[in-house]
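Please consider the structure shown below together with its sequence. The paragraphs that follow lead through selected contacts, the backbone and the overall form.

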Amino acid sequence: MKICNTIVGLKTNRSIDLEKFCSKNTTACKYNPHRFPGLSFKIMDPKTTILVFKTGNLVCTGAKTIEDAYDSLRKVLDLLNFPLKLVEFAQVHNYVGTGSIDHDIDLHKVYKMCSLNAVYEAEIFPGLVYKFKKHRVTVLIFPSGKFVITGSRYLGDLSRSELGIQIMLKNCLK
């Protein structure tokens, strides 16, 4: 499985003047308070986006690893002149992973097997949405055999979900 997004949130104990911050970092910042209550700050290396809110909360999206997310958050904290000791905690909100079983899948068969935890309406969305209750993740399964797992706060749950999905899908090959 490939991790394609790690979303990490961080709380500080200071409020942030978003207008002032954005005026100092105009090329990387987008701020329109009428459309969204926070500002978007693009970082090129590692390629991530940090959402900054006036409450002092920051959210990193687009990171491939937890280390990339922490590096990006540290860069914004440095720009804000927030010493790292002010950070109350940083926490993973969500991992998103993708995988494939390299075979076409009969989604009708998958739906019959697990209809209590699945939604499949091919006319509305081409994939099956499966709620993996045990690991509290959501899996999007496509006829090509590719799948996306989202909602996990722990890499172990993501890996166990992938294994469970692969076992289930091998019984539903076309």
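The side chains of Asp 157 and Arg 160 are joined by a salt bridge, with a distance of 2.9 Å from N to O. The model in which this contact appears is a predicted one. Both residues belong to helix α4, which covers residues 155–170. Because Asp 157 and Arg 160 are three residues apart in that helix, about one helical turn separates them. The two partners differ in their exposure class: Asp 157 has a relative accessible area of 18% and is buried, whereas Arg 160, at 47% relative accessibility, counts as partly exposed. The class of Asp 157 follows from the cut-off, because buried means under 20% relative accessible area.

How many salt bridges does the count come to? The count comes to two. Besides the pair in helix α4, Asp 71 forms a salt bridge with Arg 74, and here the closest N and O atoms are 3.1 Å apart. Asp 71 and Arg 74 both lie in helix α2, residues 66–79, and are three residues apart, or about one turn of the helix. In this pair Asp 71 is partly exposed, with a relative accessible area of 35%, and Arg 74 is likewise partly exposed, with 37%.

Charge also appears on the surface in another form. Lys 2, Lys 30, Lys 42, Lys 47 and Lys 64 form a positive surface patch. One of these residues, Lys 30, is located in strand β2, which comprises residues 29–31. Lys 30 counts as exposed, with a relative accessibility of 62%. Another member of the patch, Lys 2, is found in strand β1, residues 2–12. Lys 2 also counts as exposed, at 54% relative accessibility. Both values satisfy the cut-off for this class, because exposed means over 50% relative accessible area. In space, the C-alpha atom of Lys 2 is 5.4 Å from that of Gly 97, although the two residues are 95 residues apart in sequence.

Two features of the backbone deserve attention. Most residues other than glycine have a negative phi, and most peptide bonds are trans. Against that background, Asp 45 and Pro 46 are joined by a cis peptide bond, with omega at about -5°. Pro 46 is situated in the loop between β3 (38–43) and β4 (48–53). The second feature concerns Asp 102, a residue other than glycine whose phi is positive, near 60°. Asp 102 occupies the loop between β6 (87–100) and α3 (107–113). With a relative accessible area of 65%, Asp 102 is exposed.

Which elements make up the chain as a whole? The chain contains four helices and 10 strands. Read from the N terminus on, the order of these elements is β-α-β-β-β-β-α-β-α-β-β-β-β-α. Along its principal axes, the C-alpha trace spans about 55 × 30 × 25 Å. The radius of gyration of the chain is 20 Å, whereas a compact globule of 174 residues would have a value near 16 Å. Of the 174 residues, 41% count as buried.

Distances between C-alpha atoms relate separate parts of the chain to one another. Arg 153 lies in the loop between β10 (146–152) and α4, and counts as partly exposed at 38% relative accessibility. Arg 153 and Ile 7 are 146 residues apart along the chain, with their C-alpha atoms separated by 9.1 Å. Lys 133 is found in the loop between β8 (128–132) and β9 (137–141). At 59% relative accessibility, Lys 133 counts as exposed. The C-alpha atoms of Lys 133 and Ser 161 are separated by 9.9 Å, and the two residues are 28 residues apart along the chain.

The account returns finally to helix α4, in which Leu 163 has its place. Is Leu 163 buried or exposed? Leu 163 is exposed, because its relative accessible area is 51% and the cut-off for exposed is over 50%. From C-alpha to C-alpha, Leu 163 and Ile 50 are 32 Å apart in space, and 113 residues separate them in sequence.

Definitions and conventions
Residues are numbered from 1 along each chain as its sequence is written. This is a predicted model: local features need pLDDT of at least 70, side-chain atom pairs count only at pLDDT 80 or more; totals for chains, interfaces and linings use all residues. Side-chain values use heavy atoms; hydrogens and water are left out. Patches are made of residues with over 30% relative accessible area and no salt bridge: like charges are joined within 9 Å, nonpolar side chains (Val, Leu, Ile, Met, Phe, Trp, Tyr) within 5 Å. Accessible areas come from the Shrake-Rupley method with a 1.4 Å probe; for residues, only the protein chains shown count as cover. A salt bridge is a side-chain nitrogen of Lys or Arg within 4 Å of a carboxyl oxygen of Asp or Glu. Lys and Arg count as positive and Asp and Glu as negative; His and the chain ends are not counted. The place of a charge is taken as NZ of Lys, CZ of Arg, CG of Asp or CD of Glu. Helices (H or I, at least four residues) and strands (E, at least two) are DSSP runs, numbered from the N terminus. Buried means under 20% relative accessible area, exposed over 50%, partly exposed in between (1.4 Å probe, protein chains only). The radius of gyration is taken over C-alpha atoms; the globule rule is 2.2 Å times the number of residues to the power 0.38.
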